Amino acid sequence: MKNLIFLGPPGSGKGTQAVKLAEKIGVLHLSTGDLLRTAVKEGTELGKQAKQYMERGELVPDELLIGLIESKVTNGDLDNGFILDGFPRTVPQAESLDGMFEKNNMKLDAAILLQVSDEEVVKRLSGRWFCPKCQRTYNFPANMPKQEGICDDDGEKLQRRPDDEEAVVRNRLEVYKKQTQPIEDYYRKKSVLIEVNGEQSPDSVFNDLLKVVGSQVTEERI
Ligand code: AMP
């Protein structure tokens, strides 16, 4: 089982878990949020177009994201397995992805949904900090730096993502419900949706993910 999509509301832990799982099973981790933040920082054409939407917690238009992922698929970046983190986020994006897979003889093994309640999302995101230099993230109160506001690894002053402010978080949740939640059903109907309780400790979530991936590997071998 090596071609996966991670779904879940903002703050569900999908980024952290996706990085860890990709490393463990040896596949590429591709986060559209990370790609877009890099594009904004570098001031590329994509970044300039995406910035205004991201600051408001809204989705960047489908065409931009579909083009971005299509270039990764056609360049062969996903050939050795992948975890897509943050894509697809709308039904048209999911349909385009299916088309890309079909054209390139690729198959999606599972869409993994990390389930987390609204209250937990707001609580988690209002306590999230990151290092602008090494991108390490910290969370209050579970995972704090040794010295308040300073990165343990390089001494850099920690920052908050502008889209983690409470009003923007609430908007991102609304956007998730309206535009992204329908793709849960899209994948459920295709019988590839696997739900994992994202409100457990990070280690328990990771263990569940390993079980999901491991059991599928065994089933494939039988
Ligand atoms: P994330 O880091 O996944 O929470 O993404 C941060 C922001 O990037 C989102 O709030 C959106 O503005 C934008 N973004 C990331 N992935 C997508 C996508 N697949 N479609 C549209 N916008 C996206």
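**Contacts, helix packing and salt bridges in the predicted model**

Setting aside neighbours within four places in sequence, Asp62 touches Thr90, Pro92 and Gln93. The structure discussed here is a predicted model, and Asp62 is a handy place to start looking around. Asp62 belongs to helix α4, which covers residues 62-74. This aspartate is buried, yet it has no salt bridge. Its nearest side chain of opposite charge is that of Arg89, and that one is 9.3 Å away. A salt bridge calls for a nitrogen and an oxygen within 4 Å, so at 9.3 Å Arg89 does not qualify as a partner for Asp62.

Helix α4 also packs against another helix. The axes of α2 (residues 32-42) and α4 come within 12 Å of each other and cross at roughly 105°. Crossing angles of 65 to 115 degrees count as roughly perpendicular, and α2 and α4 are therefore roughly perpendicular to each other. On the α2 side the contact is made by Thr32, Leu35 and Leu36, while α4 brings in Leu65, Leu68, Ile69 and Lys72. Sorted by character, the residues of this contact come out as five nonpolar, one polar and one charged.

Helix α2 has a salt bridge within it as well. Asp34 pairs with Arg37, and their closest N and O atoms are 2.9 Å apart. The two residues sit three places apart in α2, which means that about one helical turn separates them. An α-helix has 3.6 residues a turn, so residues three or four places apart point the same way. Neither end of the pair is buried: Asp34 counts as partly exposed because its relative accessibility is 39%, and Arg37 gets the same label because its value is 31%.

Across the whole model the count of salt bridges comes to 18. One of them ties together distant parts of the chain: Lys20 pairs with Asp203, with the closest N and O atoms 3.8 Å apart. Lys20 is in helix α1 (residues 14-25) and Asp203 in helix α9 (residues 202-221), with the two positions 183 residues apart in sequence. Lys20 has a relative accessibility of 36% and so counts as partly exposed, whereas Asp203, at 53%, is exposed. Another salt bridge joins Glu195 to Arg188, whose closest N and O atoms are 3.2 Å apart. Glu195 is partly exposed at 42% relative accessible area, and Arg188 is partly exposed at 37%.

Salt bridges also turn up as a network, with Glu120, Lys123 and Arg124 linked together. Glu120 has a second role in the description of this part of the model, as one of the buried residues of helix α6 (residues 118-125). The others are Val121, Val122 and Leu125. What covers these buried residues includes β5 (128-130) and α7 (166-180).

A few backbone details are worth a look too. Most residues other than glycine have a negative phi, and most peptide bonds are trans. Against that background, the peptide bond from Phe87 to Pro88 stands out as cis, with omega near 0°. Pro88 is found in the loop between β3 (82-85) and α5 (91-103). Further along, Asn105 has a positive phi of about 50° despite not being a glycine. Asn105 sits in the loop between α5 and β4 (110-115). With a relative accessibility of 74%, Asn105 passes the 50% mark and therefore counts as exposed. Gln135 is another non-glycine residue with a positive phi, in this case about 70°. Its loop runs between β5 and β6 (137-139). At 43% relative accessibility, Gln135 falls between the cut-offs of 20% and 50% and so counts as partly exposed.

Back in helix α9, the helix that holds Asp203, there is also Asn207. Asn207 is partly exposed, since its relative accessibility is 43%. Between Asn207 and Met100 the separation is 107 residues in sequence and 31 Å in space, taken from C-alpha to C-alpha.

Notes:
Residues are numbered from 1 along each chain as its sequence is written. This is a predicted model: local features need pLDDT of at least 70, side-chain atom pairs count only at pLDDT 80 or more; totals for chains, interfaces and linings use all residues. Side-chain values use heavy atoms; hydrogens and water are left out. Helices (H or I, at least four residues) and strands (E, at least two) are DSSP runs, numbered from the N terminus. Buried means under 20% relative accessible area, exposed over 50%, partly exposed in between (1.4 Å probe, protein chains only). Lys and Arg count as positive and Asp and Glu as negative; His and the chain ends are not counted. Contact means heavy atoms within 4.5 Å. Axes are lines fitted to C-alpha atoms, for helices over the stretch in contact, and angles run from 0 to 180 degrees between N-to-C directions. Angles under 35 degrees count as roughly parallel, over 145 as roughly antiparallel, 65 to 115 as roughly perpendicular and the rest as oblique. Ala, Val, Leu, Ile, Met, Phe, Trp, Tyr, Cys and Pro count as nonpolar, Asp, Glu, Lys and Arg as charged, and the others, Gly among them, as polar.
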